[in-house]
Amino acid sequence: MADSHYKTTKLGYPDKFTDTNMSSSTTTRSQTIRLRLFFGFFLIFSALTTTVYGDGGGRNPTFRWNDERLKMERVRGLLRKINKPAVKTIQSSDGDIIDCVATHLQPAFDHHLLKGQKPLESPERPKGHNHSDSSNTEVSQLWMDAGELCPEGTIPIRRTTEADVLRASSIRTFARKIRRGVRRDTMSIGHEHAVAFVNGDQYYGARTSINVWEPSVTDPYEFSLSQLWVISGSFGNDLNTIEAGWQVSPELYGDNHPRFFTYWTTDAYQATGCYNLLCSGFVQINNKIAIGAAISPRSSYSGRQFDIGIMVWKDPRHGHWWLEFGNGLLIGYWPSFLFSHLQKHANMIQFGGEIVNTRSTGSHTSTQMGSGHFASEGFGKASYFRNLQVVDWDNSLIPMNNLHFMADHPNCYDIRAGKNRAWGNYFYYGGPGRNFRCS
């Protein structure tokens with residue numbers, strides 16, 4: 001009876017031992033207690049470290065917080081560079097803020113080759129240009145509805161917000177097109193076109209009038225645009241383009257309004273160039289038009305039609321490329337030093353529509369081009385370009401010869417050409433995207 005008994009340890013577990021082996025049992029019990037204490041401490045420490053530092057399935061929250069903080073610092077640094085001090089601020093009905101910035105403080109003059117300079121005087125316009133052909137109806141911008149304009153000596157600039165930058169896939173790609181922004185062949189992955197073009201000669205500009213619509217863009221990383229391209233170089237890394245027209249881009253602007261835009265690149269959309277005034281490059285001189293602001297009014301199906309005149313041409317005197325909008329409004333210029341091939345001339349002119357098809361749903365996008373209707377529906381239903389002309393070596397606007405037409409995927413978006421005395425060379429284009437023949 002006295003040779004053994006049970007004893008309860010401090011941890012509450014029964015421990016059996018014998019009187020004849022007291023020393024050995026005591027040693028074993030001490031080791032057991034230490035082992036249990038160690039595992040208890042290990043479990044508590046593991047729980048604490050999991051809470052503070054995260055588990056193996058996720059990143060360290062401290063690191064994530066630091067990444068987010070650094071990202072926001074970069075965003076705010078970019079905004080300080082883009083958004084210049086305003087002499088006056090105008091609130092637009094669509095939520096945009098228009099800053100009236102002193103002309104000499106605009107982003108273009110951050111460029112080291114423009115620092116300390118002033119905008120150039122207006123150049124000579126091409127011969128044969130008739131302002132009455134530029135637009136058949138008066139088109140303005142939404143921010144003007146407030147009845148305010150920027151004072152002389154300033155230019156209107158759409159203010160860029162944190163939300164604008166954060167919508168981009170990265171800070172590096174903000175305000176930039178991805179590559180394949182110009183139609184070269186039907187293998188342009190993700191980008192689809194319905195365009196008219198001329199090539200094989202030397203071109204010094206072009207003009208057209210573009211019907212304005214509000215196409216539906218169904219994915220936040222897609223866009224729909226209608227524009228004029230002035231192109232030089234090969235379709236490799238040396239591609240130079242100047243672009244202007246209207247676009248709907250939820251990623252860039254945060255809504256589905258058609259907006260007047262510009263773009264340029266000198267290395268095939270890699271490191272140079274940007275949209276609008278979002279980098280150093282384009283020099284604006286006009287105080288009435290805000291590049292990147294919404295166009296108003298827009299065309300309606302079987303209703304009134306509105307179009308905008310766009311002309312880009314090379315000033316024979318200084319060699320810079322100038323932009324005109326609407327009924328003769330001179331907007332500004334791209335300095336010739338920005339470019340390589342376009343310092344001389346263009347070797348291709350292109351007009352038409354472009355969309356991005358991300359296939360985010362696994363099928364073709366329903367993003368519309370133009371009015372969202374096929375070219376065969378004609379005036380009042382399909383979108384159009386009219387009065388297509390190019391500028392020749394003598395700074396004269398002339399009709400286009402050897403005009404080519406191409407639609408990458410005509411079951412999704414198509415094009416149909418015509419010619420008459422009132423509209424000269426013209427075409428209807430566009431479509432709804434996904435349909436029973438386009439999937």
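A disulfide, as I use the word today, is a pair of cysteine sulfur atoms within 2.5 Å. Please keep in mind that the model is predicted.

With that cut-off, C274 and C279 qualify as a disulfide, because their sulfur atoms lie 2.1 Å apart and the limit is 2.5 Å. The torsion about the S-S bond of C274 and C279 is about -85°, so this disulfide is left-handed. As for its surroundings, C274 is buried, with a relative accessible area of 3%.

How many disulfides does the rule give? The count comes to three. Let me go through the other pairs.

Next, C100 and C150. Their sulfur atoms are 2.1 Å apart, and they form a disulfide. What is the handedness of the link between C100 and C150? The link is left-handed, with -80° about the S-S bond. C100 sits in strand 4, residues 97-102, while C150 sits in the loop between strand 5 (140-141) and strand 6 (154-158), so the disulfide ties together parts that are 50 residues apart in sequence. Are C100 and C150 buried or exposed? Both of these cysteines are buried.

Then there is the pair of C412 and C438, joined by a disulfide with an S to S distance of 2.0 Å. About the S-S bond of C412 and C438 the torsion is about 95°, so this disulfide is right-handed. The pair links distant parts of the chain, 26 residues apart: C412 is in the loop between strand 21 (404-407) and strand 22 (414-420), and C438 is in the segment after strand 23 (424-430). C412 and C438 are both buried.

To put the pairing in one place: if we number the bonded cysteines of the protein in sequence order, the pattern is 1-2, 3-4, 5-6.

Now to the strands. Strands of a sheet pair through backbone hydrogen bonds, and the pairing is either parallel or antiparallel. Here we have an open sheet of seven strands, in the order 12-11-10-9-18-7-21, and the pairing is antiparallel. Which strands are at the edges? They are strand 12, residues 274-275, and strand 21, each of which pairs on one side only.

Inside that order, look at strand 7, residues 191-203, and strand 18, residues 346-356. These two strands pair in the antiparallel sense over ten bridges. If you want a position to find on the screen, take N199: its bridge partner in strand 18 is M348.

The two topics touch at the sheet edges. Edge strand 12 covers residues 274-275, and C274 is bonded to C279. The other edge is strand 21, and C412 lies in the loop between strand 21 and strand 22.

Notes
Residues numbered from 1 in each chain as written. Predicted model: local features only at pLDDT ≥ 70, side-chain atom pairs only at ≥ 80, totals over all residues. Heavy atoms only, no water. Helix = DSSP H or I, 4+ residues; strand = E, 2+ residues; numbered from the N terminus. Buried < 20%, exposed > 50% of the residue type's maximum accessible area, 1.4 Å probe, protein only. Pairing = 2+ DSSP bridges.
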